[in-house]
Each structure stands twice: as C-alpha cells, then as structure tokens.
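Q: Please go through the strand and helix labels for this model. For each one, set the value against the definition behind the label.

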Amino acid sequence: ILDPHLFGVFFEINMPPANPRILALFDVDGTLTVPRGEVTPEMLKFMDELKGKITVGIVGGSDLPKQQEQLGENVLDLYPWNFSQNGLVAYNEAKLIGETSINGHLGEDNIKRIVNWTMRYLSDVDIPIKRGTFIEYRTGMLNISPIGRNCSRPERNAFEEFDLANNIRKTMVAKMQEEFADLNLTFSIGGQISFDVFPTGWDKTYCLNYIKAEDFDEIHFFGDKTFEGGNDYEIFNHERTNGHTVTSPEDTMKQCKDLFF
C-alpha cells in the first residue's frame with residue numbers, strides 16, 4: 001500500500017488553513033489520481049500546500065481500503081474530511097462520524113434479487129473478455145462491473161473504449177432501472193469499468209449531511225464524471241456547492257491554483 005512518507009512529504013492536519021471557511025471536496029479517480037492509480041508525489045505535495053490555504057476533504061465512491069491504496073494508508077490523517085462510498089462512511093479529523101448500510105435499508109431479500117438478476121444478465125453479455133469480481137458488495141452500495149474488477153490496467157483501458165462504442169454499461173443500467181423500479185434506486189456510472197447501485201439520495205450529496213452550512217462560506221467540488229449519469233453529477237449541481245469539472249489530476253492542480261493560491 002502506498003506510503004506518502006516514502007516521497008519525503010510530511011503532513012499535519014492540525015495546522016489551521018489560512019481560509020478555514022472555504023472547503024474543497026475532491027473526487028479520487030480522474031481527479032486526484034488516474035483511474036484506480038496511485039497518487040503521484042507531485043499531487044501529494046500540492047495537496048499539502050493546498051491544506052495551508054483552505055479546508056480539504058475527499059469524497060469518493062470506492063470504499064476506504066481502496067482510497068488508502070490510491071491516496072496513502074494514512075489518508076484519514078491527511079485531510080480533515082474523508083467520505084468513502086459517497087459519504088455513507090464518513091470521517092472528520094480521523095474519527096468515524098457516520099456509517100449507513102445498504103443491506104439494512106433494502107433488506108437481504110432485495111439484495112439477493114439484485115445479485116441474482118445481475119449474474120443472469122452478465123452471463124449473456126458478449127464482451128471481448130471477462131475476468132472476476134463482477135459484483136462488489138460495499139457498505140452503502142453495490143458496484144457492478146461487466147468485465148470484472150480483477151481485470152488488468154490494459155484490459156481496463158480496452159473495456160472503457162469498447163464500452164464507449166457499445167454502451168454496455170448504459171444498456172445494463174437502463175434494463176436495471178426498469179427491472180428494479182419499485183426499489184427507488186440510483187444507478188451511477190463512474191470510473192472505467194463499473195457502475196454503482198444505491199438508494200436514491202445516497203449519491204455524493206449524502207456527504208453534505210455531515211457538513212454544516214454555517215461552518216463554511218464556500219464549498220467547492222472537483223470531479224471528472226460531472227455529466228448526467230456520472231457519479232459526480234448530483235454533487236456538482238447541488239445548490240450548496242460550486243462545481244468544477246476536471247479532465248485529469250494535472251487539470252485539478254491548475255484549477256485549484258487559479259482559485260486558491
């Protein structure tokens with residue numbers, strides 16, 4: 001697991017920023033890192049400098065262990081706010097402040113219904129290759145990948161191109177919206193190979209439940225999947241946030257420098 005200290009970068013979350021009433025929330029994949037990649041020393045250094053300017057938080061769709069793989073094992077100690085699984089698992093100052101379970105909300109019978117339907121559907125989907133881990137159960141959502149999350153990076157990149165040309169994920173989402181209309185679910189395409197399934201309202205705006213309006217004058221959000229159907233769309237367009245669409249980690253740094261430095 002990535003250890004930022006190996007890069008000679010040292011962090012303190014107790015140093016107050018110059019403008020603590022400005023909060024910037026960051027998506028992970030495509031925003032702070034390449035999809036499923038590890039954060040670069042350059043980005044770590046930049047984020048450390050940004051913490052001296054404003055309050056910083058992470059809001060990702062993946063679970064905390066994946067955040068730790070990408071952003072560093074000590075990610076909870078790096079930034080005051082940390083939200084994994086869209087904020088369904090929430091930390092402030094490295095302390096757990098909230099956790100919500102999809103199983104408790106939907107019930108085991110409906111979880112099984114979704115899983116069984118997905119397995120049947122994917123068995124008939126014709127794509128160039130399939131690997132393993134097609135359904136990943138997370139605390140607050142199900143993550144579904146037609147190719148399987150065990151694919152290699154070249155296979156991941158190839159599937160993304162194939163999916164863009166053939167709408168594998170979009171087609172599956174449309175069929176699931178029809179099949180499970182009674183459950184009031186949201187289907188959110190994110191990253192290169194998968195999409196998330198969760199109760200409506202459990203998108204990334206869920207993290208705002210933990211952020212008091214009176215504590216901040218501005219809340220900024222930076223993400224790459226801000227289009228309709230993308231997993232950054234709802235928080236990008238929320239009335240409490242100033243949304244910023246980024247195209248890469250380098251673009252994230254550039255936009256932040258223009259805004260906050």
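**Labels and their definitions**

Q: What makes strand E7 and strand E9 a pair, and in which sense do they run?
A: Strand E7 (residues 142-144) and strand E9 (residues 194-199) share three bridges and run antiparallel; pairing asks for at least two bridges found by DSSP, so the two strands count as paired. Within this pair, Ile144 has Phe195 of E9 as its bridge partner. The model is a predicted one, where local features need pLDDT of at least 70 and side-chain atom pairs need pLDDT 80 or more, while totals for chains, interfaces and linings use all residues. Residues are numbered from 1 along each chain as its sequence is written, and side-chain values use heavy atoms, with hydrogens and water left out. Strands (E, at least two residues) and helices (H or I, at least four) are DSSP runs numbered from the N terminus.

Q: How do you know which strands are at the edges of the sheet E6-E7-E9-E8?
A: This open sheet has four strands in the order E6-E7-E9-E8, paired antiparallel. Strand E6 (135-137) and strand E8 (185-190) each pair on one side only and are the edge strands. From one strand to the next, the twist averages 20 degrees.

Q: What makes helix H7 a helix that packs on this sheet, and what is its direction relative to E8?
A: Helix H7 (residues 168-179) touches E7, E8 and E9, where contact means heavy atoms within 4.5 Å. Its direction makes about 175 degrees with that of E8, on a scale that runs from 0 to 180 degrees between N-to-C directions, with axes fitted to C-alpha atoms and, for helices, over the stretch in contact.

Q: Why are H5 and H7 called oblique to each other?
A: The axes of helix H5 (residues 108-123) and H7 come within 12 Å and cross at roughly 140 degrees. Angles under 35 degrees count as roughly parallel, over 145 as roughly antiparallel, 65 to 115 as roughly perpendicular and the rest as oblique. H5 and H7 are therefore oblique.

Q: In what sense does H5 pass H7, and which residues meet?
A: The crossing is right-handed: the near helix is turned clockwise from the far one by less than a right angle, whereas an anticlockwise turn would be left-handed. From H5, Arg113, Ile114, Trp117, Thr118, Tyr121 and Leu122 meet Thr171, Met172, Lys175, Met176 and Glu179 of H7. By class, this contact has six nonpolar, two polar and three charged residues (nonpolar: Ala, Val, Leu, Ile, Met, Phe, Trp, Tyr, Cys and Pro; charged: Asp, Glu, Lys and Arg; polar: the others, Gly among them).

Q: Why are H1 and H9 described as roughly parallel?
A: The axes of helix H1 (residues 41-51) and helix H9 (residues 249-260) cross at roughly 20 degrees and come within 11 Å. H1 and H9 are therefore roughly parallel to each other. Their crossing is left-handed. Glu42, Met43, Phe46 and Leu50 in H1 meet Pro249, Met253, Cys256, Lys257 and Phe260 in H9, a contact with seven nonpolar, no polar and two charged residues.

Q: What is the pairing in the seven-strand sheet, and which strands are its edges?
A: The pairing is mixed in this open sheet of seven strands, ordered E5-E4-E3-E2-E1-E10-E11. Its edge strands, each pairing on one side only, are strand E5 (95-99) and strand E11 (242-245). The twist averages 20 degrees from one strand to the next.

Q: How do you know that E1 pairs with E2 and with E10?
A: Five bridges join strand E1 (residues 19-26) to strand E2 (residues 54-59), and the two run parallel. Leu25 stands opposite Gly57 in E2. E1 is also joined by five bridges to strand E10 (residues 218-223), again parallel, with His220 in E10 as the bridge partner of Ala24.

Q: Which helices lie on this sheet, and at what angles?
A: H1 lies across E1 and E2, at about 130 degrees to E2. H9 touches E1, E2, E10 and E11, and its direction makes about 160 degrees with that of E10.

Q: What makes the phi values of Arg36 and Glu93 worth a note?
A: Most residues other than glycine have a negative phi. Arg36, in the loop between E1 and H1, has a positive phi near 60 degrees. Glu93, in the loop between strand E4 (89-92) and E5, has a positive phi of about 50 degrees.
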